[in-house]
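This report concerns the structure shown below. Please keep the sequence and the coordinates at hand while reading.

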Amino acid sequence: LPKHAMIHAMPSHFVTLTHSLKSYQTLKFALVASRIAFGCGVLGLLLVGCGKQQGQPAPRADQAIPVSYLQVTPVNMPVTLETIAQTEGAREVEIRPRVGGILLKRFYTEGNTVEAGQTLFQIDPEPFRNALAEARAAHTEQQVKVARAKTEEQRQRRLAAENFVSQRALDSAVADLAAAEATLQAAKARVKQAELNLSYTTVKAPINGVTGRSQVSEGALLSANTSLLTTLSQLSPIWVRFSFSNNETARLGERLSENNVHSVRIMLTDGSEYPQQGRINFAASTIDAALGTQQLRATFDNADQRILPGQFVRIRVAAGKPRSIFIVPQIAVMTTDTGRFVYVIDENNTVAQRQVVAGDWIGKDWIILDGLQSGDKVVVDNLIKLMPGKTVDPKPRGTTVSSIAPTASTQHP
């Protein structure tokens, strides 16, 4: 039916209710709109009031932006290479028993430092004492046999000289003496071995170092040269293993070795630099075919045991012939799709973008290989507000710079 026909067909009280609901919705919308307008007005008044209380008017579009700058000068530095490295003990030893038996006692505290020769474990020595006693008894018995054979050989020699015995009897006596003496030497060796085995029941530290966790408990049966008792690591000096790719070492123009490295530094996990400088103690003469890297190792003094084996650190190696470069803070270097640039201030206090070629990082600074000249003023803060041709109010780095330039009406204490 047409719309007007449907309305005429409805009951009159239903039409009245429909008009009432429409009026209520219109009134509700008007109330909500008025509340929103009132809230925006109050918020605007509050913002205006805060601005007046602070006494800091909004900067004008033509106002000079306060910035800090760093006037750069070239420095001569060797090529710097940096990578991730891992530490290891200069000497890492696995403590294993040389004889088998029952472990009676552990004498060290796990994780503590021990000295070379300090007792670590005790293996039951009784079986080895018995073996030593038996070896000594056999040695004594053989000494008696040697004495008897020697007496017989001397007697046969006198009789042979008087032609009372044949030469064959003398030769037999000489051979018996030689065999008895050889058996005596074997018995003596068995005594020494028994004494050595008895000494092996006391397991001692072969080097100075820090002990690891005990791998066995008292009462365990140990196998000679097989059972692992614990580990021992020498922490001073500490070694650091790392590698550089073929492309990185190619920047030196020569093979990286102990002779052309000027300094070796490591940065710890907290970002601090380890105070001790290291030295290269191994540089591979070939490139790893699987990884395409040159393996290297450096040694560092670690008397305070601040560095532990297994840590991951960053290592920085300065090597090769020195070259002229510039060093600027990392925050001053901006990155775009076309490369990196810095803002440079000219004599009219106007900034311009200067494309640069950046090298590696040194702490919180960039090494700039090309793009800067001696005396350039590089902006180091308020960079987000800058664009080429913008006028700035430059201050040397280290001077406090406010985020809004002062005006004639601004009050200073």
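The sections below treat nonpolar cores, salt bridges, a surface patch and selected individual residues.

## Basis of the report

The structure is a predicted model.

## Nonpolar cores

The largest nonpolar core comprises 26 residues. Within this core, the residues with the most contacts are Phe-242, Val-264, Phe-300, Ile-315 and Val-317. Two or more residues each come from strand 2, strand 9 (230-245), strand 10 (261-267), strand 11 (279-283), strand 12 (293-300) and strand 13. Of these elements, strand 9 gives the most, with five residues. As a general tendency, nonpolar side chains in soluble globular proteins are buried together.

Val-264 illustrates the surroundings of one such core residue. When residues up to four places away in sequence are not counted, Val-264 touches Gln-277, Gly-278, Arg-279, Ile-280, Ala-298, Phe-300, Ile-315, Arg-316 and Val-317. Three of the residues with the most contacts inside the core, namely Phe-300, Ile-315 and Val-317, are thus among the residues that Val-264 touches. Apart from the largest core lies another, of 20 residues, which includes Phe-128, Ala-135, Ile-207 and Leu-229.

## A salt bridge between distant parts of the chain

The whole structure contains 11 salt bridges. One of them joins Glu-82 to Arg-314, with the closest N and O atoms 2.8 Å apart. This pair links distant parts of the chain, since Glu-82 lies in strand 2 (residues 75-95) and Arg-314 in strand 13 (residues 312-329), 232 residues apart. In general, side chains of opposite charge can pair when their charged atoms come close.

The two partners fall into separate accessibility classes. Glu-82 counts as buried because its relative accessibility is 18%, under the 20% limit. Arg-314, at 35% relative accessibility, counts as partly exposed. Glu-82 and Arg-314 also belong to a network of salt bridges that includes Glu-273 and Arg-316. Strand 2 and strand 13, which hold the Glu-82 and Arg-314 pair, also each give two or more residues to the largest nonpolar core.

## Salt bridges within helix 3

Helix 3 (residues 126-161) holds both Arg-129 and Glu-126, whose side chains meet in a salt bridge at 2.6 Å, N to O. Because these residues are three apart in the helix, about one helical turn separates them. Arg-129 is partly exposed at 43% relative accessibility, and Glu-126 is partly exposed at 39%.

Glu-153 and Arg-157 form another salt bridge, in which the closest N and O atoms are 2.4 Å apart. These residues are four apart in helix 3, so they too are separated by about one helical turn. Here the acidic partner, Glu-153, is buried, with a relative accessible area of 10%, whereas Arg-157 is partly exposed at 43%.

Helix 3 is also the place of Arg-148. With 61% relative accessibility, Arg-148 counts as exposed. The C-alpha atom of Arg-148 is 8.3 Å from that of Leu-177, a residue 29 positions away along the chain.

## A nonpolar surface patch

Which residues form a nonpolar patch on the surface? The patch consists of Ile-102, Leu-104 and Leu-221, and their accessible area together is about 280 Å². Leu-104 is located in strand 3 (residues 101-106). At 43% relative accessibility, Leu-104 counts as partly exposed.

## Two buried hydroxyl residues

Ser-227 occupies the loop between strand 8 (221-222) and strand 9. Ser-227 is buried, at 16% relative accessibility. The side chain of Ser-227 reaches the backbone nitrogen of Ser-223 at 2.9 Å. Leaving out residues up to four places away in sequence, Ser-227 touches Ile-95, Arg-96, Pro-97, Leu-221 and Leu-222. One of these, Leu-221, is also a member of the surface patch.

Thr-249 is situated in helix 5 (residues 246-250). Is Thr-249 buried or exposed? Thr-249 is buried, because its relative accessible area is 8%. The side chain of Thr-249 reaches the backbone oxygen of Asn-246 at 3.1 Å. Neighbours within four places in sequence aside, Thr-249 is in contact with Phe-244, Glu-254 and Gln-294.

Key: Residues numbered from 1 in each chain as written. Predicted model: local features only at pLDDT ≥ 70, side-chain atom pairs only at ≥ 80, totals over all residues. Heavy atoms only, no water. Buried < 20%, exposed > 50% of the residue type's maximum accessible area, 1.4 Å probe, protein only. Polar contact = N/O pair within 3.5 Å; in protein donor to acceptor, adjacent residues only side chain to side chain. Contact = heavy atoms within 4.5 Å. Patch = residues over 30% accessible without salt bridge, like charges linked within 9 Å, V, L, I, M, F, W, Y side chains within 5 Å. Areas by Shrake-Rupley, 256 points an atom, 1.4 Å probe, with all protein chains shown as cover. Salt bridge = Lys/Arg side-chain N within 4 Å of Asp/Glu carboxyl O. Core = buried A, V, L, I, M, F, W, Y, C linked by side-chain atoms within 4.5 Å.
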